[in-house]
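Here's a quick briefing to read alongside the model. We'll begin with charged pairs, then move on to the cores and one of the sheets.

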Amino acid sequence: STAMESERSSLMARDLETPKKDMQLRVIPSEVKFLDVMAGRVYRLPITVHNLGRYSQKIRFQEPVKPQEDGQTCYVDFQHPKTYFKLILINLDKALASGLQTTAMVKYHPDKNEDTFDQLLISVGNKTVEIPLIGLILSCQLEIESEVNFGTLVANSKVYCKEINIINHGRVPGMFKTEYQGQLPIVIFPTSGIVQPNLQDRPDIFLNIKAHVVEQIIELLNMSNDKKWECISLGSVFFGMSKIEHALLYNNSPEPINWVAIKHDDIVGELGTNVQQRTDVALNNLTYLRKIKNIDITTFISYVPNEGRLQPYQKILITFCFSPRMILHTGKTALFLRFESVGSKDGFLRDDNNKTIKSDRFQKVELALTGSGLPVLLQFDPGRVLNFAPCFMGGRSEIQCIMQNRSKSLPVMYRFKKTAHFKIDPEKGKIDEGCMQ
């Protein structure tokens, strides 16, 4: 709210007409207003009455009857000691021929620095025109914006500022005071001051402050359908091979954010364990846990990029690569990542009870990556050493060998390299899981 005074302008009369159709009379102006007056000075404004009728009319100027605010009555009379408004006219009764006009002068002589109100009555027969007489002291005029709109902001504890102007169109200085009684993190400064000139004794003005506060949201989306991903299964991969998956990291907020991917190092069952087994079983296997403690899981599962900057509503591609190696024994590998924004996370979103909610639940996203490393399980019958029967030069000796893929999870793609004097048929092929050829 801002204290300020009613609207003023320089000393002038409103050039408006007051026609009375049934009276055939026009009075200019429709109200006599003295603006920015000072006590002890004398001010004059003219008033003109025009006979619009087809015949001569007798016009009477009557004394004001409206009482003053202090309970006293002001009269249009030269002798009355309490008169503020006086009509300078030789005769209060005036006969006007058709089409003619007469001009009188209204004199205003205030003795106090306060607003004064009265009225002048002009009669024709039994009909009367009321002309307001107004005297307004020298004052100020404030112009201020009615609204401050911050638009959409992210709840990241940054300070956002907007300036508004208080313009004084008046002729005297004025003091203003601002006050905010709400509970939102809004600060207005300066809280008081003086505008040169003008701005006091006006009714309170309410300044609307608007802002749409949102969380800074970071999301990990599926490439195919833009659904949120919490777990990416890389499936089963033979040792020495690799498998690649992609995801989209999305900044679902109106401000840029810096982000980083953080690997969880303290989760039981990251490497070479069955992630479906009970936690107590995993914890009891302390010997095994000690062996894998110093193994860097990122040598099995890598991800690029692992940090960067996202513009508002931007999506970038994250690539995950699973390359298992035989270290201790086969099993499922699990890596837990957290993508989070870098910087302050103390927001100021509020619930329905206007209580502060400080939460960073939207400023990070956690992802589980799982994959199984498997050895190639091929069985050869009659064995891995083939002894051919002797044969003459130019002849040939053949052996039939059966290959069996003992893996229950993955098919085997095979290819035999060319070797001198030996021909293998077929040279390449595929054996499904649990099948033979």
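Searching the whole structure turns up ten salt bridges. Keep in mind that this is a predicted model. The protein has 437 residues, 35% of which count as buried, and its secondary structure comes to two helices and 31 strands.

**Salt bridges**
- D93 and R60 pair through their side chains, with an N to O distance of 2.8 Å. This one ties together distant parts of the chain, as D93 sits in strand β7 (residues 93-96) and R60 in strand β5, 33 residues apart.
- Neither end is fully out in the open: D93 is partly exposed, with a relative accessible area of 21%, and R60 is partly exposed too, at 41%.
- E147 and K210 make another salt bridge, at 3.2 Å from N to O. Here strand β12 (residues 147-154) supplies E147 and strand β16 (residues 208-214) supplies K210, with the two positions 63 residues apart.
- E147 has 32% relative accessibility, so it counts as partly exposed; K210, at 41%, is partly exposed as well.
- R396 and E398 also form a salt bridge, their closest N and O atoms lying 3.0 Å apart. Both of these residues are exposed.

**Nonpolar cores**
- In soluble globular proteins, nonpolar side chains tend to be buried together.
- The largest nonpolar core here holds 27 residues, and F34, I47 and I122 have the most contacts inside it. Among the elements giving it two or more residues are β3 (32-37), β4 (43-51) and β9 (116-124).
- What does I47 touch, leaving aside neighbours within four places in sequence? Its contacts include V27, V32, A104, V106, L120, I122 and I131, along with the polar-named pair T102 and T103.
- Another core, of 25 residues, lies apart from the largest one; L220, L249, F300 and I316 are among its members.

**A four-stranded sheet**
- β17, β19, β23 and β21 line up in that order as an open sheet with antiparallel pairing.
- β17 (218-221) and β21 (301-304) are the edge strands, each with a single partner, so one side of each has no neighbour in the sheet. From one strand to the next, the twist averages 25 degrees.
- β21 is joined to β23 (residues 315-322) by four bridges, the two running antiparallel. V304 has T319 in β23 as its bridge partner.

**Overall numbers**
- Of the contacts between residues at least 6 apart in sequence, 70% join residues at least 24 apart.
- The exposed area is about 27000 Å², with carbon and sulfur atoms supplying 51% of it.

Key:
Residues numbered from 1 in each chain as written. Predicted model: local features only at pLDDT ≥ 70, side-chain atom pairs only at ≥ 80, totals over all residues. Heavy atoms only, no water. Pairing = 2+ DSSP bridges. Axes fitted to C-alpha atoms, helices over the stretch in contact; angles between N-to-C directions. Core = buried A, V, L, I, M, F, W, Y, C linked by side-chain atoms within 4.5 Å. Buried < 20%, exposed > 50% of the residue type's maximum accessible area, 1.4 Å probe, protein only. Contact = heavy atoms within 4.5 Å. Areas by Shrake-Rupley, 256 points an atom, 1.4 Å probe, with all protein chains shown as cover. Salt bridge = Lys/Arg side-chain N within 4 Å of Asp/Glu carboxyl O.
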